[in-house]
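Colleague: Before I use the labels in your notes, I would like to hear the reasoning behind them. Please take me through them one at a time.

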Amino acid sequence: MTVTARILVLLLACFAAPGAVSAAFANETCFSCHKKEPRFTNNVHAAAADCSVCHGAGKKHVRAPKKFKDIEVFKDTKHRAAAYNAVCLSCHEDNRHMMFWQGSAHARNDVACVDCHTVHTAGRDRAIQPKKCYDCHKSVRRDMGKPYHHPVNEEQMGCTSCHAVHGSLTKGMLTADSTNELCYVCHTDKRGPFRFAHPPVEENCLNCHTVHGSRHARLLTERERNLCQNCHSYASHSSPGSLTGDPDSSGGAFTRRASCLTCHGDVHGSNTSSNFR
């Protein structure tokens, strides 16, 4: 470090908060050797702590750089996630978002905090969605590439709009108590209550919709007519021929060109018709 640079560090330290002064000096000691490490003077961690908070006191390491007796370098690949996370949780475990971390899917699969978060890089201490999530959740990346999908790739929402990535009590680490409650956050018009309720809708939105992406409009799991016919047989309809696709029947054209929603538009529930019209 040049003399000018050292003077600048001292001047900055004079105007910094008391806690930041010691951190500045400690970090400069580390950076005098670790020149290739990213300098995180603008990072949120730099304002709260110095290198020793995560890596250890390092006094013996400074005197004998080739020895690592009092320094943590996180080289143990077998217990890598546990080692990293223990350090992070020493400060962050009181955060309300970490309440259900232990036992979460990410914790059970040995995901380390640094797999998603950067601790040194200035100004980018949070995970970058959705690319970071796609690194592991490749099937979700595939679904998000389908013609109809939630606008995650378009940055109108993120993975964390629906998922509590640090853990929750729900399946899939949802941010709501159930799938329906989560969907209703945005799709308030589907909540009801309705005078004539559609049972599959009340039970679970996933009975008809897939959550990440689909080849069918409205994120349906299959074509509208096929989806409805999973529950509604031909025999129960007033004009069975119109649903069979028989070209000799009067309803053949209906089957080829229209859908159940042509007549039954209020499929989520209705206050006027038991047939959801």
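What follows is a set of questions about labels, each answered from a value and its cut-off.

Modeller: Keep in mind that this is a predicted model. The protein chain has 15 helices and 4 strands, and buried residues make up 25% of its 277 residues.

Colleague: Why is Tyr-134 called buried?

Modeller: Its relative accessible area is 6%, and buried means under 20%, so Tyr-134 counts as buried. Tyr-134 is placed in helix α9, residues 131-134.

Colleague: What does Tyr-134 touch, apart from residues up to four places away in sequence?

Modeller: Val-140, Arg-141, Met-144, Val-152 and Asn-153. With Asn-153 there is also a polar contact between side chains, at 2.7 Å. The limit for such a pair of N or O atoms is 3.5 Å, so 2.7 Å qualifies.

Colleague: Which residues form the largest nonpolar core?

Modeller: There are 5 of them: Tyr-134, Val-140, Met-144, Val-152 and Cys-159. A core of this kind is a set of buried nonpolar residues joined through side-chain atoms within 4.5 Å. Tyr-134 and Cys-159 are 25 residues apart in sequence, and their C-alpha atoms are 9.9 Å apart. In soluble globular proteins, nonpolar side chains tend to be buried together.

Colleague: Is His-106 buried or exposed?

Modeller: Buried: its relative accessibility is 18%, and the cut-off is under 20%. His-106 lies in helix α7, residues 105-108. Beyond its neighbours within four places in sequence, it contacts Trp-101, Val-111, His-137, Val-165 and Met-173.

Colleague: Why is Phe-100 called partly exposed?

Modeller: Its relative accessible area is 32%. Partly exposed lies between the 20% and 50% limits, so Phe-100 takes that label. Phe-100 sits in the loop between α6 (80-92) and α7.

Colleague: What makes the nonpolar surface patch of about 350 Å²?

Modeller: Met-99, Phe-100 and Leu-169 make it. Patch residues need over 30% relative accessible area, and Phe-100 has 32%.

Colleague: How do you know that Ser-270 is buried?

Modeller: Its relative accessible area is 2%, and the label needs a value under 20%. Ser-270 belongs to strand β4, residues 269-270. Its side chain reaches the backbone nitrogen of Thr-272 at 3.0 Å. Setting aside neighbours within four places in sequence, Ser-270 is in contact with Phe-194, Arg-195, Phe-196, Phe-276 and Arg-277.

Colleague: What makes Arg-80 and Asp-115 a salt bridge?

Modeller: Their side chains meet at 2.7 Å, N to O, and the limit is 4 Å, so the pair qualifies. Arg-80 is in helix α6 and Asp-115 in helix α8, 35 residues apart, so the pair links distant parts of the chain. Arg-80 is partly exposed at 30%, and Asp-115 is partly exposed at 28%.

Colleague: How many salt bridges does the structure hold?

Modeller: There are 6 salt bridges. Among them, Glu-224 pairs with Arg-218, the closest N and O atoms being 2.6 Å apart. Glu-224 is buried at 18%, whereas Arg-218 is exposed at 52%. Elsewhere, Arg-142, Asp-143 and Lys-146 are joined into one network by salt bridges that share partners.

Colleague: Why is Asp-189 called exposed?

Modeller: Its relative accessible area is 51%, and exposed means over 50%, so Asp-189 earns the label. Its salt-bridge partner Lys-190 is partly exposed, at 24%.

Key
Residues are numbered from 1 along each chain as its sequence is written. This is a predicted model: local features need pLDDT of at least 70, side-chain atom pairs count only at pLDDT 80 or more; totals for chains, interfaces and linings use all residues. Side-chain values use heavy atoms; hydrogens and water are left out. Helices (H or I, at least four residues) and strands (E, at least two) are DSSP runs, numbered from the N terminus. Buried means under 20% relative accessible area, exposed over 50%, partly exposed in between (1.4 Å probe, protein chains only). Contact means heavy atoms within 4.5 Å. A polar contact is a pair of N or O atoms within 3.5 Å; within protein, one must be able to donate a hydrogen and the other to accept it, and residues adjacent in sequence count only if both atoms are side-chain atoms. Patches are made of residues with over 30% relative accessible area and no salt bridge: like charges are joined within 9 Å, nonpolar side chains (Val, Leu, Ile, Met, Phe, Trp, Tyr) within 5 Å. Accessible areas come from the Shrake-Rupley method with a 1.4 Å probe; for residues, only the protein chains shown count as cover.
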